[in-house]
Amino acid sequence: MTEQDRPTSSISRRSLLGTSAAVAGLGLTGLGTGAAGAAPGQGEADTERVPAARGRTMIGVPFARHETVRVGIIGLGNRGGSMIAMFLATPGVRVTALCDTNPAALQKAAKAVRDAGQPEPAVYGKGERAYEQLCGRDDVDFVYIATPWEWHVPMSLAALYGGKHVGVECPMALTLDELWQLVDASERTRRHCIQLENCCYGRNELRLLRMVRAGVFGEVLHGAGAYIHDLRELLLSDTYYAAEWRRGWHTRLNADHYPTHGLGPVAGYFGIHRGDRLARITSMATPAVGMAEYRQAHEEPGDSSWKEHYVKGDTTMSLLQTANGKVIRLQHNVSNPYPYSRLNQVAGTKGVFEDYPPRIYVEPKHSGHKWGSFDDFKSFDHWLWTDIGPGPGGHGGMDYLMVYRTMQTMRLGLPPEVDVYDSATWSAPVPLSAESIRRKGAAVAIPDFTRGKWRDKSRPTLDSPKPV
């Protein structure tokens with residue numbers, strides 16, 4: 001452990017985990033609908049509060065150099081089970097430990113590690129705090145967490161206070177208090193906590209970012225992002241989500257459940273935390289009818305889903321305004337027939353780009369109200385796409401490049417391009433949209449997780465130069 005990475009607080013990992021102890025001790029499949037499952041925004045603390053700094057900022061803090069990055073993976077279901085291929089394909093990465101309550105998933109993942117020519121990984125199955133045992137291992141540098149949402153915070157805290165850097169699925173946390181816990185813990189432990197599903201590393205997203213930074217769109221004024229994905233069949237499946245956990249959130253949380261896919265890329269275009277920040281959000285939701293209609297048409301009368309009452313509006317729409325007055329629109333819908341889209345729009349004084357399908361209109365190249373081809377701008381492609389490529393894929397290749405670049409920054413001793421402040425802000429619309437919807441669309445303040453350091457334009461961006 002380097003001096004720079006050494007934890008700076010005498011507070012024990014166990015004491016910090018106390019806020020989640022009641023649910024953590026139940027095991028991954030035993031989580032009920034208690035504190036961790038309560039609807040964010042209900043009786044929550046003032047959203048404008050700014051806790052006193054708990055430690056030095058993590059902005060621009062480099063990783064210690066790792067010749068080989070040793071990775072532990074918690075959660076080997078649909079997402080974790082597919083992401084293991086991304087880690088195994090990344091140069092200089094070794095998967096050393098695995099954790100899941102499903103024995104078949106554990107065996108399949110361990111076989112994948114062996115088939116990749118790596119040593120047999122340590123495995124942790126059912127058992128009290130099995131994930132904490134993984135997080136305490138000396139041969140793990142980075143913990144990747146792909147579990148049901150309720151577990152992201154207790155597992156991330158266990159990893160941080162176990163001396164590990166963390167990559168966690170989205171949303172990173174479900175309440176503002178939990179998000180502040182992760183920010184504070186990252187600062188205290190000098191370990192990075194990163195949202196490691198962010199859709200920022202797609203070919204279109206990175207090309208668009210480089211075009212924005214080159215001034216192609218003039219001054220950018222507004223943009224849009226979304227998670228629009230018809231999940232009705234999967235949400236009502238008896239087997240796709242373990243214990244049908246994800247559908248449960250539709251019965252107790254009326255909010256944008258999944259803001260990061262759309263917000264992450266647009267935050268990059270707008271330089272969020274690099275000269276601007278998200279300041280306020282207002283959200284509205286449509287009636288919750290799609291899931292019930294689908295259940296009526298497809299589920300047998302005795303299915304357990306008939307006991308459920310859905311409260312999550314089919315479509316959630318939010319407007320976010322930045323400190324500099326820019327506007328971002330977010331949309332979430334997984335309950336209606338709607339072709340997949342992340343929207344991915346940006347507009348400025350010289351033109352506009354819209355995705356799904358990609359099309360562009362910028363002056364003086366285009367005129368007459370006729371869209372142009374985005375293929376004409378391939379010269380702006382990011383070096384990750386021209387020199388590295390999509391590898392084994394994952395969301396069209398962006399998942400592999402996200403893992404590749406994160407592991408590369410660890411191996412070279414560079415700061416991460418996405419840090420805990422970005423990650424906390426991208427997940428903040430979950431509780432904040434719930435609060436705004438509860439207040440009938442009233443504007444709600446977005447906390448400044450950087451504690452005033454968002455004006456620094458020198459910090460790393462997703463358009464970082466290729467290492468030489």
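**Helix α8, a mostly covered helix.** Buried means under 20% relative accessible area, exposed means over 50%, and partly exposed lies in between (1.4 Å probe, protein chains only). The model shown here is predicted, so local features need pLDDT of at least 70 and side-chain atom pairs count only at pLDDT 80 or more, while totals for chains, interfaces and linings use all residues. Residues are numbered from 1 along each chain as its sequence is written, and side-chain values use heavy atoms, with hydrogens and water left out. Helices (DSSP runs of H or I, at least four residues) and strands (runs of E, at least two) are numbered from the N terminus. With that settled, welcome to helix α8, which spans residues 203-213 and has 8 of its 11 residues buried. The buried set consists of Asn 204, Glu 205, Leu 206, Arg 207, Leu 208, Leu 209, Met 211 and Val 212. If you follow the chain just past α8, you come to Gly 215, whose phi is positive at about 85 degrees.

**Arg 79 and its salt-bridge network.** Here Arg 79 shares a network of salt bridges with Glu 169, Glu 197 and Asp 399. A salt bridge is counted when a side-chain nitrogen of Lys or Arg lies within 4 Å of a carboxyl oxygen of Asp or Glu. Arg 79 belongs to helix α3, residues 78-89, and counts as buried because its relative accessibility is 17%. Its contacts (heavy atoms within 4.5 Å) are listed without the neighbours within four places in sequence. Besides the acidic partners Glu 169, Glu 197 and Asp 399, Arg 79 touches Tyr 144, Ala 146, Leu 196, His 395 and Met 402. For context, a search over the whole structure gives 27 salt bridges.

**The largest cavity, with help from helix α14.** On a 1 Å grid over the protein atoms alone, a cavity is a set of points where a 1.4 Å probe fits but cannot get out, and its lining residues have an atom within 4 Å of a point. Volume is the space filled by probe spheres set on the points, which are joined across faces, edges and corners. The structure has 4 cavities of 30 Å³ or more, and the largest holds about 70 Å³ of space. Ile 194, Asn 198 and Tyr 201 are found in the lining of the largest cavity, along with Arg 405, Thr 406, Thr 409, Pro 416, Glu 417 and Val 418. Helix α14 (residues 398-412) contributes the most to this lining, with 3 residues.

**Arg 405 and Glu 417, a salt bridge beside the largest cavity.** Arg 405 and Glu 417 both line the largest cavity, and their side chains meet in a salt bridge at 2.7 Å, N to O. Arg 405 sits in helix α14 and Glu 417 in the loop between α14 and α15, so the pair spans 12 residues of sequence. Arg 405 counts as buried because its relative accessible area is 4%. Glu 417 is buried too, since its value is 5%.

**Asp 422 and Arg 274, a link between distant parts of the chain.** The closest N and O atoms of this salt bridge are 3.0 Å apart. Asp 422 lies in helix α15 (residues 420-427), while Arg 274 lies in the loop between α11 (260-269) and β8 (278-285), putting the partners 148 residues apart. Both residues are buried.

**Glu 244 and Lys 440, residues with positive phi.** Glu 244 has a positive phi of about 55 degrees without being a glycine, and occupies the loop between α9 (232-235) and α10 (245-248). Its relative accessible area is 17%, so Glu 244 is buried. The side chain of Glu 244 forms a salt bridge with that of Arg 247 at 2.7 Å, N to O, and Arg 247 is itself buried, with a relative accessible area of 2%. Lys 440, also not a glycine, has a positive phi near 60 degrees. Look for Lys 440 in the loop between α16 (429-438) and β14 (444-445). At 77% relative accessible area, Lys 440 is exposed.

**Cis peptide bonds at Pro 171 and Pro 364.** Cys 170 and Pro 171 are joined by a cis peptide bond with omega about -10 degrees. Pro 171 falls in the loop from β5 (165-168) to α7 (176-189). Glu 363 and Pro 364 are also joined in cis, with omega about 5 degrees. Pro 364 falls in the loop from β13 (359-362) to α13 (383-388).

Notes:
1 Å grid on protein atoms, 1.4 Å probe; cavity = no way out; pocket = protein on both sides within 12 Å on 5 of 7 lines; lining within 4 Å.
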